[in-house]
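User: I am new to this structure and would like a close look at one part of it, the empty space enclosed inside. Please take me through what surrounds that space and then place it in the wider picture.

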Amino acid sequence: MDSEARRHLVEVATRFASAFQRWAESAAPDCPAAEGFNFAGLRLLEQLHCQGPQMMRAIADELGLTPRNVTALVDGLEGEGLVRRTPHPSDRRVTLVEATPKGLAVAEETIGPKLAAIGELFDDLSPDDQERLAELLTAVVDGLRARGQRC
């Protein structure tokens with residue numbers, strides 16, 4: 001690939017990533033339970049809702065965030081009473097993060113409508129284009145992982 005084509009792909013991908021992040025953050029504004037929560041916080045609640053208590057490292061790996069970002073995210077959600085830190089049952093050195101009953105309720109009320117609203121963006125594509133886009137984005141994410149980037 002020549003440098004001009006590569007540069008064009010970088011520019012398009014950067015514009016998409018930025019626009020998609022803004023879209024994801026603003027989607028489902030009429031969902032009261034989603035007010036005040038960013039998409040990363042909702043993803044963390046979803047992970048705890050679906051998989052139960054997790055170590056911070058597992059959360060970081062699953063969400064593609066740095067441990068520092070997860071700590072800040074957990075601190076904020078803990079301040080809202082949505083998650084809590086608990087000791088690991090068999091390893092004193094490890095702290096788990098779990099959703100509180102309030103956090104589970106927010107997850108159940110918010111995640112479905114939020115993801116549906118975000119997903120509406122892709123309704124502009126045909127089913128074949130949606131499938132192809134998913135394949136291409138998966139290939140790009142696999143390339144990032146191969147280069148040592150957490151995704």
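Analyst: Rolling a probe the size of a water molecule over the atoms shows where empty space is left. In this predicted model, the structure holds 1 cavity of 30 Å³ or more, and the volume of the largest cavity comes to about 30 Å³.

The wall of the largest cavity is made up of Phe-39, Leu-42, Arg-43 and Glu-46, together with Ile-111, Lys-114 and Leu-115. Two helices, α2 (39-51) and α5 (101-119), each contribute at least two residues to this lining, and the largest share, 4 residues, is supplied by α2. Sorted by class, the lining of the largest cavity combines 4 nonpolar residues with 3 charged ones, while no polar residue takes part.

To place these helices, it helps to step back to the whole chain. The protein contains 6 helices and 3 strands, and when the sequence is read along its length these elements follow the pattern α-α-β-α-α-β-β-α-α. The C-alpha trace spans about 55 × 35 × 25 Å along its principal axes. Of the 151 residues in the protein, 28% are buried, and the protein exposes about 9900 Å², of which carbon and sulfur atoms supply 55%. Where contacts link residues at least 6 apart in sequence, 53% of them join residues at least 24 apart.

One residue beside a lining helix deserves a closer look as well. Thr-100 sits in the loop between β3 (95-99) and α5, and α5 is one of the helices that supply at least two residues to the lining of the largest cavity. Is Thr-100 buried or exposed? Thr-100 counts as buried because its relative accessible area is 8%, and the cut-off for buried is under 20%. The side chain of Thr-100 reaches the backbone oxygen of Gly-81 at 2.6 Å. Leaving aside residues up to four places away in sequence, Thr-100 touches Gly-81, Leu-82, Val-83 and Arg-84, so Gly-81 appears both in this list of contacts and as the residue whose backbone oxygen is reached by the Thr-100 side chain.

Taken together, the close look leads from a cavity of about 30 Å³, lined by residues that include Phe-39 and Leu-115, to the helices α2 and α5 that contribute to its wall, and then to Thr-100 in the loop between β3 and α5.

Methods
Residues numbered from 1 in each chain as written. Predicted model: local features only at pLDDT ≥ 70, side-chain atom pairs only at ≥ 80, totals over all residues. Heavy atoms only, no water. 1 Å grid on protein atoms, 1.4 Å probe; cavity = no way out; pocket = protein on both sides within 12 Å on 5 of 7 lines; lining within 4 Å. Points joined across faces, edges and corners; volume = space filled by probe spheres on them. Nonpolar A, V, L, I, M, F, W, Y, C, P; charged D, E, K, R; others polar. Buried < 20%, exposed > 50% of the residue type's maximum accessible area, 1.4 Å probe, protein only. Contact = heavy atoms within 4.5 Å. Areas by Shrake-Rupley, 256 points an atom, 1.4 Å probe, with all protein chains shown as cover. Polar contact = N/O pair within 3.5 Å; in protein donor to acceptor, adjacent residues only side chain to side chain.
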